[in-house]
Amino acid sequence: MVNPAVSPTEEPLDSRRLQHFLCVAEYCGFSRAAAQLHLSQQALSASVAKLESQLGVTLFDRTGRQVRLTPAGQVLRDGAAVLLSAGQVLARQVRDAAAAQRRPFVVAHTPAITADEVHGLLEPVRRGMPEVSVTAVQMFPGDLETSVLDGSVDLALRRGTTVPRTLAAAVIAYHPLRIAVARDHRFAGHRAVAIHDLRDERIVVWAPAGTSFYTDFILSTCRRAGFEPALTVNRIQGTTPTAAVLDYPDAVAFVTAPPGPAFGGAVHVVSIDDPPLVPVQGVWLPHTRSAVRELLTTGDNPHPAAAASRG
């Protein structure tokens with residue numbers, strides 16, 4: 001809410017006051033936040049009051065026993081975390097520029113994107129910036145946004161199209177879907193299958209419908225083909241997608257691995273006629289610049305997105 005008692009100013013936001021504000025928001029009160037920050041409650045209240053005065057708004061509703069964020073405070077909380085993270089990234093980049101040995105560019109990816117696919121997506125950097133060191137790490141989807149926000153990951157790759165609320169994102173590639181089956185499965189000897197051929201098959205996924213873009217993409221693909229799929233959530237998480245059918249030999253799994261045998265012939269990857277294309281989305285911290293990231297998100301990757309959301 002707007003505070004009529006104060007007039008906003010255009011001076012830059014003070015990072016220390018933003019940190020104080022975020023701590024009060026996290027602990028829902030000034031006393032616990034003051035203890036965490038090793039400040040007196042009076043000093044912390046004064047810091048937040050100066051921030052409110054600068055912005056010309058009330059950030060906390062103090063009418064109850066527990067302080068609560070106002071709508072304006074909620075907006076500042078989301079933006080302040082990103083702004084402070086961007087400042088930390090900039091400071092690190094400045095130090096890296098002066099250092100003899102620079103920190104590697106860290107790319108995180110979910111298990112739905114294989115290490116081989118990440119290697120292919122890195123082709124623009126491998127070709128255009130051979131002096132740059134890149135480290136690829138696998139993470140579960142729930143850890144990606146936190147790792148981007150805290151600066152430990154420079155670019156996160158996942159299957160998806162929805163832009164995170166506080167981060168920037170762009171679809172940077174598309175991969176054709178195929179199916180993986182065990183060697184004794186009836187489709188193992190096929191060169192290709194159609195989506196509607198899978199109507200009687202059990203399909204292994206890695207998360208329930210409604211909690212994963214990849215699962216929802218598979219679900220909608222089957223529904224467009226005219227059937228409701230029987231989904232089974234894989235009990236083994238974090239392994240390469242083609243491994244799913246080793247524990248479910250009577251089922252199929254949608255994968256993006258190249259067609260042919262895998263796992264010494266224990267698994268066969270079969271093409272799909274007119275295959276659906278599943279996106280690879282890059283996610284990063286807004287208000288930051290990176291030549292490596294620019295090359296990855298605008299480089300010569302397969303099937304680049306024509307309409308990407310960037311920030």
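Begin by selecting the five strands of the open sheet: 5 strands are arranged in the order 4-3-5-14-6, with mixed pairing. Strands, here DSSP runs of E with at least two residues, and helices, runs of H or I with at least four residues, are numbered from the N terminus. Two strands count as paired if DSSP finds at least two bridges between them. The model is predicted, so local features need pLDDT of at least 70 and side-chain atom pairs count only at pLDDT 80 or more, while totals for chains, interfaces and linings use all residues. Residues are numbered from 1 along each chain as its sequence is written, and side-chain values use heavy atoms, with hydrogens and water left out.

**The sheet**

Colour strand 4 (134-138) and strand 6 (168-176) next. These strands stand at the edges with a single partner strand each, so one side of each has no neighbour in the sheet. From one strand to the next, the twist averages 25°. Strand 6 runs antiparallel to strand 14 (residues 277-284), and 8 bridges join them. To find one of these partnerships, select Ala 168, whose bridge partner in strand 14 is Trp 284.

Now add helix 7, which packs on the sheet and touches strand 3 (105-109), strand 5 (155-158) and strand 14. Contact means heavy atoms within 4.5 Å. The direction of helix 7 makes about 165° with that of strand 5. Axes are lines fitted to C-alpha atoms, for helices over the stretch in contact, and angles run from 0 to 180 degrees between N-to-C directions.

**The cavity**

Select Val 107, Leu 121, Leu 122, Leu 155, Leu 157, Ile 172 and Leu 296, which line the largest cavity. Its volume is about 30 Å³, and the structure holds 1 cavity of 30 Å³ or more. On a 1 Å grid over the protein atoms alone, a cavity is a set of points where a 1.4 Å probe fits but cannot get out; a pocket is an open set with protein on both sides within 12 Å along at least five of seven lines, and lining residues have an atom within 4 Å of a point. Grid points are joined across faces, edges and corners, and a volume is the space filled by probe spheres set on the points. The cavity lining has 7 nonpolar, no polar and no charged residues. Ala, Val, Leu, Ile, Met, Phe, Trp, Tyr, Cys and Pro count as nonpolar, Asp, Glu, Lys and Arg as charged, and the others, Gly among them, as polar.

**The pockets**

Move to Gln 93, Arg 103, Phe 105, Ser 290 and Val 292, the residues nearest the centre of the largest pocket, which has 25 lining residues. This pocket holds about 610 Å³ of space. Helix 4 (71-98) and helix 10 (291-298) each supply at least two lining residues, and helix 4 gives the largest share, 5 residues. The lining comprises 12 nonpolar, 5 polar and 8 charged residues.

For the second largest pocket, select Thr 110, Pro 141, Ala 207, Ser 212 and Tyr 214, which lie nearest its centre among 19 lining residues. Helix 7 (141-149) and helix 8 (213-224) each give two or more residues to this lining.

**A helix pair**

Finish with helix 2 (residues 30-37) and helix 3 (residues 41-55), whose axes come within 9 Å and cross at roughly 105°. Helices 2 and 3 are therefore roughly perpendicular, a term for angles of 65 to 115 degrees. Residues making the contact include Phe 30 of helix 2 and Val 48 of helix 3.

How values were computed. Angles under 35 degrees count as roughly parallel, over 145 as roughly antiparallel, 65 to 115 as roughly perpendicular and the rest as oblique.
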